[in-house]
Amino acid sequence: MFHCTILFALKPGIALDRVRAAREALQELIERMPGVDSLTVAHNVAADRQGYNLALFSTFESRTACEIFFRHPDYQTVWKELLAPLVERHVTAQGDDAG
């Protein structure tokens, strides 16, 4: 199993309905995309969140499935049209259970 977590720092003053729309669009991708085991979008409630207020937690069948997901046109559309306009910065962490 391959894990990918992306933390997003949203731009100040972004309306909650825009965040909700991006979040729902991301979560809908799991139903259409092969190789995705789980995908959860949540508000980051960590005490030391360093401005990263939204998190995408995902697991994939393999690293290749993860790479395909993030290159897929459906994900790219969600990123470019709904998520990127809200994001000031983001950071990604990835890892494989196999070590």
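**Entry 1: Asn44**

I began with the neighbours of Asn44 and found that this residue touches Leu7, Arg49, Tyr52, Asn53 and Leu54, leaving aside residues up to four places away in sequence. The model I am reading is a predicted one. I then placed Asn44 in the loop between β2 (36-43) and β3 (54-60). Is Asn44 buried or exposed? I noted a relative accessible area of 15% for Asn44, which is therefore buried, the limit for that term being under 20%. I also looked up what its side chain reaches: the side chain of Asn44 comes to 3.1 Å from the backbone nitrogen of Ala46.

**Entry 2: Cysteines**

I searched the whole structure for disulfides and recorded zero. Why do Cys4 and Cys66 form no bond? I found the sulfur of Cys4 at 4.4 Å from the closest cysteine sulfur, that of Cys66, which is too far for a bond because a disulfide needs the two sulfur atoms within 2.5 Å. Seen from the other side, the closest cysteine sulfur to that of Cys66 is in Cys4. I checked accessibility as well: Cys4 is buried at 0%, and Cys66 is buried at 1%.

**Entry 3: Core**

I turned next to the nonpolar side chains. In soluble globular proteins, such side chains tend to be buried together. Here I found that the largest nonpolar core has 27 residues, and that Phe8, Leu26, Phe60, Phe69 and Phe70 have the most contacts inside it. I then asked which elements each supply at least two residues of this core. They are β1 (2-10), α1, β2, β3, α2 and α3.

I followed Phe60 further. Not counting residues up to four places away in sequence, Phe60 touches a set of residues including Met1, Phe2, Cys4, Val36, Cys66, Phe69 and Phe70. Phe60 is buried, with a relative accessible area of 0%.

**Entry 4: Aromatic rings**

How many aromatic pairs does the whole structure hold? My search gave six. I examined the pair of Phe60 and Phe69: the ring centres are 5.4 Å apart and the planes stand at 55 degrees, so I entered the pair as tilted. Phe69 is buried, with a relative accessible area of 1%. I noted, too, that ring pairs join Phe60, Phe69, Phe70 and Tyr75 into a cluster.

**Entry 5: Salt bridges**

Side chains of opposite charge can pair when their charged atoms come close. I counted three salt bridges in this model.

I looked up Arg32 and Asp74, whose closest N and O atoms are 3.5 Å apart. This pair links distant parts of the chain, with Arg32 in helix α1 (residues 16-32) and Asp74 in helix α3 (residues 73-83), 42 residues apart. Arg32 is partly exposed at 47% relative accessibility, and Asp74 is partly exposed at 30%.

I then took the salt bridge of Arg63 with Glu67, where the closest N and O atoms are 3.4 Å apart. Because Arg63 and Glu67 are four residues apart in helix α2 (residues 63-71), about one helical turn separates them. I recorded Glu67 as partly exposed, with a relative accessible area of 37%.

My last look-up was Glu88 with Arg89, a salt bridge whose closest N and O atoms are 3.4 Å apart. Glu88 is partly exposed at 48% relative accessible area, and Arg89 is partly exposed at 35%.

Note on methods
Residues are numbered from 1 along each chain as its sequence is written. This is a predicted model: local features need pLDDT of at least 70, side-chain atom pairs count only at pLDDT 80 or more; totals for chains, interfaces and linings use all residues. Side-chain values use heavy atoms; hydrogens and water are left out. Buried means under 20% relative accessible area, exposed over 50%, partly exposed in between (1.4 Å probe, protein chains only). A polar contact is a pair of N or O atoms within 3.5 Å; within protein, one must be able to donate a hydrogen and the other to accept it, and residues adjacent in sequence count only if both atoms are side-chain atoms. Contact means heavy atoms within 4.5 Å. A salt bridge is a side-chain nitrogen of Lys or Arg within 4 Å of a carboxyl oxygen of Asp or Glu. A nonpolar core is a set of buried Ala, Val, Leu, Ile, Met, Phe, Trp, Tyr and Cys residues joined through side-chain atoms within 4.5 Å. Rings of Phe, Tyr and Trp (its six-membered ring) pair if their centres lie within 6.5 Å; planes under 30 degrees apart count as stacked, over 60 as edge-to-face and the rest as tilted.
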